[in-house]
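Please open the structure in the viewer and set the display to cartoon. The tour below proceeds by selection, one step at a time.

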Amino acid sequence: VSGHRTALLIGIGAGDPRQITLQAIEAMSEVDTFFVLDKGASTGTLTGIRQLILDRHAPTVPLVLVPDPPRDRGVGSGLAAAERYREVVDDWHAARARSLAAAIAEHVPAGGTAGFLVWGDPSLYDSTLRVIDRVRDRLELTARIIPGITSVQALTAAHTILLNRVGEPIHITTGRRLAEDDGRNTVVMLDADCAFRATADPNDLIYWGAYLGTEFETLIAGTVGQVGERIAETRAALRERHGWIMDVYLLRKS
Ligand SMILES: C[S@@+](CC[C@H](N)C(=O)[O-])C[C@H]1O[C@@H](n2cnc3c(N)ncnc32)[C@H](O)[C@@H]1O
């Protein structure tokens, strides 16, 4: 277990393998073993995509799946439950760090490099860096990051739009917290419920994209009044057809 190691977090873009940078390809060749934190649901497809990337750019480097420890979800409600929820999440992160530290110690020699292919860019709604920070309580490890193209950039490129109008701010949030938002340009990620239906004005503009950069890429744009329902229906149908979905959208006050 002793000895210094490097954790290399490599952004791989949000779905199109051509979004992988030359810097990322170079970094892949430094890695001794790649690790995937298995999160169920869409992991099958996403691990498949990672494997394709490795087959192409680092065919001899092994990929190890680190199963996610089970997460205790039954915490009830109320104040005590909120406290309990924090404890549950904290225990879960600690358990994740423990299994990852063990896997790194087993598969990466001292002085070596552990690699993580991170969807999009590691800075945006991704827990890899947080988990690595906790692994560092257990292993001597230095983290390095290679940036990638985020799903936000994939969305604006697909619609040929800017993220902001002149001089305006941008806000990035989750579906769950969209109701608190009062921004003029809001990017919404991780939204399973089409939260815009409850919060947006019918005149607001929406630019929606699903499976960006993949063969299933689907785009819809218009005012929420015109296309909101169509987005919700399309999303449900696509999710049904493929068994998983990843979508992101920009809401803009008109
Ligand atoms: C856990 S976050 C990871 C974001 C990632 N680190 C990034 O840089 O884009 C997952 C969310 O990103 C968005 N997303 C990622 N890839 C996408 C894609 N190819 N098409 C549409 N949305 C995507 C979705 O909102 C999804 O719920």
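The following steps visit a sheet, the helices that pack on it and a surface patch, in a model that is predicted.

**The sheet.** Begin by selecting strands E6, E7, E10, E8 and E9, which in this order form an open sheet of five strands with mixed pairing. Colour E6 (171-174) and E9 (218-223) separately: these strands stand at the edges and have a single partner strand each, so one side of each lacks a neighbour in the sheet. Viewed along the sheet, neighbouring strands are turned against each other by 15° on average, direction ignored.

**The E8-E9 pair.** Next, select residues 205-210, strand E8, together with E9; the two run antiparallel and are joined by six bridges. Within this pair, display Tyr 207 and Ala 221: Tyr 207 stands opposite Ala 221, which belongs to E9.

**The packed helices.** Now add helix H5, residues 151-159, which packs on the sheet and touches E6, E7 (185-189), E8, E9 and E10 (247-252). The direction of H5 makes about 110° with that of E8. Then add helix H7, residues 224-242, which also packs on the sheet, with contacts to E8, E9 and E10. Here the direction of the helix makes about 155° with that of E9.

**The surface patch.** Finally, show the side chains of Tyr 125, Ile 170, Ile 172 and Leu 190, which form a nonpolar surface patch with about 380 Å² of accessible area together. Centre the view on Ile 172, a residue of edge strand E6. Is Ile 172 buried or partly exposed? Its relative accessibility is 32%, and Ile 172 therefore counts as partly exposed.

How values were computed
Residues are numbered from 1 along each chain as its sequence is written. This is a predicted model: local features need pLDDT of at least 70, side-chain atom pairs count only at pLDDT 80 or more; totals for chains, interfaces and linings use all residues. Side-chain values use heavy atoms; hydrogens and water are left out. Two strands pair if DSSP finds at least two bridges between them. Helices (H or I, at least four residues) and strands (E, at least two) are DSSP runs, numbered from the N terminus. Axes are lines fitted to C-alpha atoms, for helices over the stretch in contact, and angles run from 0 to 180 degrees between N-to-C directions. Contact means heavy atoms within 4.5 Å. Patches are made of residues with over 30% relative accessible area and no salt bridge: like charges are joined within 9 Å, nonpolar side chains (Val, Leu, Ile, Met, Phe, Trp, Tyr) within 5 Å. Accessible areas come from the Shrake-Rupley method with a 1.4 Å probe; for residues, only the protein chains shown count as cover. A salt bridge is a side-chain nitrogen of Lys or Arg within 4 Å of a carboxyl oxygen of Asp or Glu. Buried means under 20% relative accessible area, exposed over 50%, partly exposed in between (1.4 Å probe, protein chains only).
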